[in-house]
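Me: Could you walk me through this structure with some questions and answers? I'm new to this, so plain words please.

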Amino acid sequence: MGSTVKFVLDGEIIELKDVDPTRTVLQFLREDLRRTGTKEGCAEGDCGACTVVIAELNRDSDGVQLKAINSCIQFLPTLHGKQLITVESLQRKNAGPHPVQQAMVDCHGSQCGFCTPGFVMSLFALYKSNPRPSRTEIDDALAGNLCRCTGYRPIIAAANAMYELPPAASEPLHAATLAQLEVSDSLHIEHGARNFFAPTTREELAALLAKYPRATLLAGGTDVGLWVTKQHRVLDTVIYTARVAGLQQIAVSRTHIEIGAAVSLAAAMEAIVAHYPALDDLFRRFASPPIRNAGTLGGNIANGSPIGDSMPALMVAGTTLTLMSAAGEREIALEDFYLDYQVKDLKAGEFLAQIRIPLPEKNVVLHSHKLSKRFDQDISAVCSAYRLQLDAGRVASFAMACGGMAATIRRARHCEAALNGQPWTAASIDKAMLALAEDFAPISDMRSSAAYRLRAAQNMLRRFFLETSGELESSVYRYGR
Amino acid sequence: MGARAVGQALPHDSARLHVSGLAAYTDDLPEPRDLLHVAVGMSRCAHARIHGIDLTAVAVATGVVDTCVAAEIPGENNCGPIIHDEQILAADVAEYAGHALFAVAAETVDQARKAVRLARIDYEELEAILDPLQAVAKKSFVLPSETLRRGNPEGAIARAPHRLKRRLRLGGQDQFYLEGHIAMAIPQEDDGLLVYSSTQHPDEVQHLVAAATGRPVKNVVCICRRMGGAFGGKESQAATIACIAAIMATKTGRACKLRLDRDDDMIMTGKRHDFVIEYEVGFGDDGRIHGIDFMFASRCGISADLSGPVNDRTMFHCDNAYFLENINIVSHRCKTNTVSNTAFRGFGGPQGMHAIEYVIDDIARSLGLDPVQVRRRNFYGIGERNVTPYLQVVEDNIIGGIFDQLEHSASYVERRREIRDFNAASTVLKRGIAMTPVKFGISFTATHLNQAGALVHVYRDGTAHLNHGGTEMGQGLFIKVAQVAADELGVSVDKIRINASDTSKVPNASATAASSGSDMNGKAAQIACAKIRGRLTEFAARHFNVAESQIGFGDNRVAIGKTSLSFAELVQLAWLHRVQLWASGFYKTPKIHYDRSTFSGRPFFYYAYGGAVSEVVVDTLTGEYRVTRVDILHDCGDSLNPAMDIGQVEGGFIQGMGWLTSEELCWNAAGELTTHAPSTYKIPTCSDLPVDFRVQLLANAGNREDTIYRSKAVGEPPLMLALSVFHAIRDAIASPTRPLPELQAPATPEAVLRAIEGWAS
């Protein structure tokens, strides 16, 4: 069991002992190293000024995999075994700018320049992962970066122009050094009275959780990070799940997609969309690439927020969860997991190990609509999902679940009952829309009023009907693209 | 004479530093070894008498070195920029949720922020006014209400063939600069204080810091090399932050830095004013306005701040580009128990223009006319129908020509027809199109602010050091002024060192605001450089015995009769002959004058113009929409730097679009702002940029006034081009059952669906 955090920065191996386990990567860069190119804009992973790139060795090939992440909410020990690449890494002393940087200069992509290092890093991740992105792919890659000055047009121009420039003399990737890191064992950092554990097996995790039932489980940190940066909470015991190999797997059986709880949202979505392509629209609007790279599907589910976007679709798909503890395993339906606002059927010492999503049956349509003020990187006012099976124009089975409409994400039972067995017609939908008002009594908040939530959820059901009956082929988001 | 720098699309002077992370913002500066970090304790109540602030637990918290409440401020407890009506730390009464009550200095940022939470405040809650209309009813104002009246509006409205009236709500907007407010104050020997501040107005920071810490102004220096965005939000607001840092530095004798967390920044600092607007208009069959009556009630918050001139500008811009002969404008500056609102790009102008554009759109829709026709019929004339309600004659009107050119280049007529056909066949998706004008007055309306200074040093190697009173917030002011200086000295831009704004170099400078930065500082730098060049010319003529007319500067050389020297050689020679090689320049904008008591005069040196055509597609089931195409034609005069100017046009447009669409400020019933972080306050992202975005600067535009190289100011005017997006949405959702939809701004999907289906909020 190691106690030293080891990672690569600019080709050097950095070894840190006795680190504060909830010190953020951004604090480490700016305050400890005085490496101030990376900026703090919001300290909650929503503006992208702090974007850095993490390189990890590919498990199944020689190369490295690059991910843009928000350094403001990543805890320092999560860098263990990885390479950290910052804006300073792109242009070493006596070398010219990286093509990404040069393109930003050539296209006038910076004005005040404060968001620019973050954009440069998101563009760098794009540059290394996509040889010729479309406008939509560029938009998607930059969805987590806010710019208040330029209006984005010159940044998009730079995203195209960077491929036309001569490649960099050397890229800041150090796979060989990364391979030298000896990080296969578990990590335990003691910092005063506080503890940080990074176990590597599920059994070890279960044992730790049995010993520390009140520990904070940390996965991607996209929520826990804010407990520290915004609520100033002191976390005494943190158990980090992302190094547990047994939580990292994606497997597809004859009947299910099985996703380990610590699989990133990005990887989980890719696996799900392969079988449920209709969910691509939802996942594209789900947070931003840095959040999807760091955050996990298990975290989204286990966090249990009433506005989590993955759960309505997974719920109607019939997803079950594997919960594990030192005492053993049990299986629970996702829809039974949420008991009340922020209350889950999760016993002390138990953790979410796996998400099991049934493969789609034939003739089943599964779809999800998300509604928010802004297209990208916004929390849903309403997120609805539907599973529909038709038999000769009649509804053989219909399931619907909504987020943002109640204290938990849950099924719309009255609405479902109004449609099951009925003809799939506009008249049936009218009745189902009325029934939906019996299912939910949403609240008003800064995202939307209660009236809008309900009305929009009803209208979205109508939209689903129009889409399935071929009367509506496009959405505003696809229009003209 | 050689290649000119002015007019070239040079990159931002810091572009290479921006992209490499080497551009230093205030928080990136090296920190003194004894630096303390400051955090601010805020009121949780919107309105309360403070019976006690118990900081016992705060004072003993880990790392805490000192605390401060109002009574401990060494100097004047004021940060009001015009009227001294705003305290730095609230003394007896907290007037909004977020009002600063005390400050803490600790060894680390984290310690200071944690310690703040340990305070025990004894509140006696008082009744709070949370809405402008509530304030009007209670006559709660930060400044007296104003009325501007010309002609006979009541008579004209009464006699007009058609009349309409309406009440509108128009939301505010957070500046959302990416770099939050920050200041670092460093004590210097002999009572000196050096303040690094992210500010548009170093002079005001210097003066207010001096007053707050009980120093003469001469002992305070304020420096700002660059801001990470500002947009008006760092015009007056930066002083509060700097004052708190300076007070703690004075109290502790140690360097102190205050960097606001994003949430605190959004809660504690002012925004664009939201408005309630009422209008009644009388108009003819042709859509021409006969008479109009406006009531504006704006949320000013707890103090006057800049609300006086902001609301004056609303009154000056509720004509936009239209001749309004019979008009009555009532402007209420409402005192509410919310944060004191302040400057934001457009400075009240956008709200006035939104009002009149809504009127025009209503008139057109009620008559079944194309709104573009109605706009044209109401435009100011040339040589007639050209007097504004504040009695300035519009001498430089080019809006008609801009509309002609834009209508053609954007194929407005054809597209409008095609959209009608599309909508007839489409039930759920509806498209809309709108073309709107911008006419924006350039100058500070307070005449005395229209002055600027510059300081230029030429060194013996022929390079030059440039200072002026302007600040750089990303708009490209520094490179533009450097281009001017380079041309005036006949050297290339790389010979000019651009320096931080510094009150010890150029004193008494106005805020970099009102779009006036390059107009005024460009002229001041030109004047300074011309003095140096004049001395060099005079010297060279004498020394080489040639006529002054035989001497020319350019391309880093000086032609002297038939020979030539490098600029550096001439400078060296001049130094040996004891010629002064530095100079200051001072500029004041000519022609302007204005009598606030009668709302008349010539407040604006000239107007900047522009036009935009926007097209949208709306989902009538959810109210969601996308902007699909935008065509812009904007007037920058003869651009000093087209790359910077296009950047201002595009960026201003998207920012204006955010104001009118996704950016919604919400307060709860207790008066707390609930949208105080990017997770809840949604500025546009990359994918909101229209796929088809065509931006042109008006060619050969010039400026009939003698501005710097006949350019025009560009900072604010393009923001209001985004009114076209709002009206395109309205165009898309207007239907036979609801021909005049009640669309409120911001037009969030909820607001759009409400307007489509006609239900109340």
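**Sheets, helices and cores**

Reply: Let's begin in chain A, where four strands make an open sheet in the order 17-18-19-20, with antiparallel pairing. Strands (E, at least two residues) and helices (H or I, at least four) are DSSP runs numbered from the N terminus, and two strands pair if DSSP finds at least two bridges between them. Keep in mind that this is a predicted model, where local features need pLDDT of at least 70 and side-chain atom pairs count only at pLDDT 80 or more, while totals for chains, interfaces and linings use all residues. Residues are numbered from 1 along each chain as its sequence is written, and chains are lettered from A and ligands numbered from 1 in the order in which they are written.

Me: Which are the edge strands of that chain A sheet?

Reply: An edge strand here pairs on one side only. Strand 17 (364-371) is joined by eight bridges to strand 18 (residues 382-391) of chain A, and the two run antiparallel. In that pairing, L371(A) stands opposite V382(A). The edge strands of chain A are strand 17 and strand 20 (410-411).

Me: At about what angle does helix 18 of chain A run to strand 18 of chain A?

Reply: Angles go from 0 to 180 degrees between N-to-C directions, with axes fitted as lines to C-alpha atoms, for helices over the stretch in contact. Helix 18 of chain A lies across strand 17, strand 18 and strand 19 (394-403) of chain A. Its angle to strand 18 of chain A is about 35°.

Me: Which element gives the most to the side of chain A that touches chain B?

Reply: Two residues are in contact if their C-beta atoms, placed from the backbone, lie within 7 Å. The contact takes 70 residues from chain A and 71 residues from chain B. Elements giving two or more residues to the chain A side include helix 4 (116-129), helix 6 (153-161) and helix 18 (450-468) of chain A. With nine residues, the one that gives the most is helix 18 of chain A.

Me: How many strands are in the open sheet of chain B with mixed pairing?

Reply: Take strand 12 (residues 256-259) of chain B. Strand 1 (residues 36-42) of chain B pairs with strand 12 in the parallel sense over three bridges, while strand 9 (residues 182-187) of chain B runs antiparallel to strand 12, joined by four bridges. L258(B) stands opposite V38(B) and is also the bridge partner of A183(B). The full order is 3-5-1-12-9-10-11-20, so the number of strands is eight.

Me: Are the faces of strand 12 of chain B buried or exposed?

Reply: A residue is buried if 20 or more other C-beta atoms lie within 10 Å of its own, exposed if 12 or fewer, and partly exposed in between. On one side of the strand sit C256(B) and L258(B), and on the other K257(B) and R259(B). Both faces are covered, and these four residues are all buried.

Me: Which helix gives the largest share of the largest nonpolar core?

Reply: A nonpolar core is a set of buried Ala, Val, Leu, Ile, Met, Phe, Trp, Tyr and Cys residues joined through C-beta atoms within 7 Å. The largest one has 354 residues, and V38(B), V195(B) and A242(B) are among those with the most contacts inside it. Eleven of its residues, the largest share, come from helix 7 (residues 237-252) of chain B.

Me: How do the axes of helix 15 and helix 16 of chain B lie, and at roughly what angle do they cross?

Reply: The axes of helix 15 (residues 517-544) and helix 16 (residues 567-576) of chain B come within 10 Å. Residues making the contact include F539(B) of helix 15 and L573(B) of helix 16. Angles under 35 degrees count as roughly parallel, over 145 as roughly antiparallel, 65 to 115 as roughly perpendicular and the rest as oblique. These helices are therefore roughly perpendicular, crossing at roughly 80°.

Me: Why is E650(B) counted as buried?

Reply: E650(B) is found in helix 17 (residues 642-660) of chain B. Its contacts include T150(A) and R153(A) as well as V695(B), leaving out residues up to four places away in sequence. E650(B) is counted as buried because of the other C-beta atoms within 10 Å, which number 26.
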